[in-house]
Amino acid sequence: MKKGVMRPGHVQIRVLDMDEALKHYTDLLGLIETDRDDQGRVYLKAWSEVDKFSVVLREADEPGCDFMAFKVLNEEVLVQLEKDLVDYGVEVEQVPAEELKDCGRRVRFTVPSGHAFELFADKLYTGKWGLASVNPEAWPRGLRGMKAVRFDHCLFYGPELAATYDIFVNILGFDLAEQVLDPEGTRVAQFLTVSMKEHDVAFIHHEEKGKFHHASFYLESWEGVLRAADLISMTDTSIDIGPTRHGLTHGTTIYFFDPSGNRNEVFSGGDYFYPDHKPVTWKAEDLGKAIFYHDRVLNERFLTVLT
Amino acid sequence: MGMGFQVFNRTTGGHFTCQEGQSVLKAMEQRGLKCVPVGCRGGGCGFCKIQVLEGHFECGKMSKRHAPPEAVEKGEVLACRIYPLTDLIIECPPQPAADVAS
């Protein structure tokens with residue numbers, strides 16, 4: 001049942017070298033730099049997003065994901081969800097407004113899989129990049145590289161999927177759109193949504209806590225995915241796998257790595273979700289087809305290479 | 001393009017050429033060699049860890065988790081992020097079985 005969480009708001013990604021990373025996320029992915037702060041962090045957004053930023057890059061000794069945040073409807077919802085989290089026994093941390101520039105206060109918490117998430121209600125509304133708010137053209141000129149449309153979701157690897165599910169579904173109002181069950185009926189992958197998308201965040205079981213599998217960006221078409229693959233070759237960017245199709249979600253996809261080894265995905269299409277839909281189930285025995293619908297075998301790298 | 005450098009792999013007994021400015025991992029990959037597992041190729045995941053026994057090289061940025069400075073000093077580095085300056089002798093440590101069950 002919906003509790004007022006709207007959508008993914010931002011992700012903060014650690015990179016080893018800011019200049020290299022920035023070139024990757026702007027020239028190749030097509031994100032737009034919108035600001036920097038005195039900690040050296042760089043703020044980026046995709047062109048169709050209405051808020052000021054959706055990706056924050058932070059230079060660090062070790063790559064990975066610091067946190068992913070969801071935007072909620074308003075302050076009232078934020079107060080209620082914070083209370084619900086605390087009542088459930090989740091430890092929450094207050095991050096003051098402006099800790100990220102032009103972003104309101106954030107409520108940060110860590111789920112049992114070891115990943116940090118945030119909720120926030122306010123961020124500076126800057127509108128879609130390069131388009132007027134009245135009589136907007138179809139798309140803005142001057143987009144680069146893959147022309148990513150939006151930051152779409154993250155996939156995380158970690159333990160305790162059931163306890164993590166309880167927080168997302170029971171407290172935050174996410175729905176389970178797709179899952180992978182092992183022969184004993186244990187859920188080893190969960191795709192969770194607060195929207196019509198097949199996933200706004202996903203988790204795959206892994207012994208080590210807090211691992212980052214990928215951040216994903218939406219493209220308009222399968223042709224866009226193919227063009228992304230061309231650009232990956234043209235720039236000699238480290239590829240993981242694709243272009244191909246997923247069984248899970250049925251989206252068309254390609255995976256590659258940023259210069260610090262964080263995995264990125266660009267994808268298009270895929271199924272949709274309404275709250276009356278029952279979860280789609282894939283069997284763990286058929287994980288190859290579930291993940292790579294065409295090859296039907298797993299690329300070991302996809303399961304084990306994480307930051 | 002110069003003649004490059006020879007990288008001798010003590011684990012397999014083989015050797016291959018690495019061009020100037022090319023990472024050891026890329027040279028392996030180009031020749032279809034599978035001395036180490038190929039991960040992110042960005043110094044982030046730690047999959048392509050090798051031991052350099054002899055020779056000089058330049059190092060790109062690597063995750064401190066997988067290549068802490070004290071290990072790098074002993075020649076324990078990630079093949080994707082080292083660029084030979086001389087011929088090298090390397091060793092590829094046996095890899096633990098991948099956790100495919102996850």
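## Salt bridges in chain A

Glu99(A) and Arg106(A) join their side chains in a salt bridge, 2.7 Å from N to O. The model is predicted. Glu99(A) is partly exposed, at 25% relative accessible area. Arg106(A) is buried, at 0%.

Glu208(A) and Lys211(A) make another salt bridge, at 3.8 Å from N to O. Glu208(A) is partly exposed, with a relative accessible area of 36%. Lys211(A) is buried, with a value of 8%. Shared partners also link salt bridges into one network of Asp37(A), Arg41(A), Glu93(A), Glu99(A), Arg106(A), Arg108(A) and Glu118(A).

## Glu118(A), a buried member of the network

Glu118(A) sits in strand β8 of chain A, residues 116-120. Its relative accessible area is 0%, so Glu118(A) counts as buried. Leaving aside residues up to four places away in sequence, Glu118(A) touches His10(A), Phe67(A), Met68(A), Ala69(A), Phe70(A), Val95(A), Arg106(A), Val107(A), Arg108(A) and Phe109(A). Among these contacts are Arg106(A) and Arg108(A), which also belong to the salt-bridge network.

## A link between chains

The whole structure holds 33 salt bridges over all chains. One pairs Glu62(A) with Arg65(B), with the closest N and O atoms 2.9 Å apart. Glu62(A) lies in the loop between β4 (55-59) and β5 (64-72) of chain A, and Arg65(B) in the loop between β4 (57-59) and α2 (69-73) of chain B, so this pair joins two chains. Both ends are partly exposed: Glu62(A) at 24% relative accessibility, Arg65(B) at 42%.

## The nine-stranded sheet

Chain A has an open sheet of 9 strands, in the order β14-β15-β16-β13-β9-β12-β11-β10-β17, with mixed pairing. β14 (239-245) and β17 of chain A stand at the edges; each has a single partner strand, so one side of each lacks a neighbour in the sheet. On average, neighbouring strands of this sheet are turned by 15° against each other, direction ignored.

Within the sheet, β9 (residues 150-158) and β13 (residues 211-218) of chain A pair in the antiparallel sense over 7 bridges. Cys154(A) stands opposite Ala215(A) in β13(A). Helix α4 of chain A, residues 222-234, lies across β14, β15 (252-257) and β16 of chain A. The helix runs at about 25° to β15(A).

## Backbone features

The edge strand β14 of chain A contains Pro243(A). The peptide bond leading into Pro243(A) from Gly242(A) is cis, with omega near 0°.

Two residues other than glycine have positive phi values: Asp102(A) at about 60° and His250(A) near 65°. Asp102(A) lies in the loop between β6 (92-95) and β7 (106-110) of chain A. Asp102(A) is partly exposed, with a relative accessible area of 27%. His250(A) is found in the loop between β14 and β15 of chain A. His250(A) is partly exposed too, at 29%.

## A nonpolar surface patch

Met196(A), Tyr272(A) and Tyr274(A) form a nonpolar patch on the surface. Together they offer about 340 Å² of accessible area. Tyr274(A) comes from the loop between β16 (263-268) and β17 (280-283) of chain A. Its relative accessible area is 40%, which makes Tyr274(A) partly exposed. Patch residues need over 30% relative accessible area, and Tyr274(A) at 40% is above that cut-off.

Technical notes:
Residues are numbered from 1 along each chain as its sequence is written. Chains are lettered from A and ligands numbered from 1 in the order in which they are written. This is a predicted model: local features need pLDDT of at least 70, side-chain atom pairs count only at pLDDT 80 or more; totals for chains, interfaces and linings use all residues. Side-chain values use heavy atoms; hydrogens and water are left out. Patches are made of residues with over 30% relative accessible area and no salt bridge: like charges are joined within 9 Å, nonpolar side chains (Val, Leu, Ile, Met, Phe, Trp, Tyr) within 5 Å. Accessible areas come from the Shrake-Rupley method with a 1.4 Å probe; for residues, only the protein chains shown count as cover. A salt bridge is a side-chain nitrogen of Lys or Arg within 4 Å of a carboxyl oxygen of Asp or Glu. Helices (H or I, at least four residues) and strands (E, at least two) are DSSP runs, numbered from the N terminus. Buried means under 20% relative accessible area, exposed over 50%, partly exposed in between (1.4 Å probe, protein chains only). Two strands pair if DSSP finds at least two bridges between them. Axes are lines fitted to C-alpha atoms, for helices over the stretch in contact, and angles run from 0 to 180 degrees between N-to-C directions. Contact means heavy atoms within 4.5 Å.
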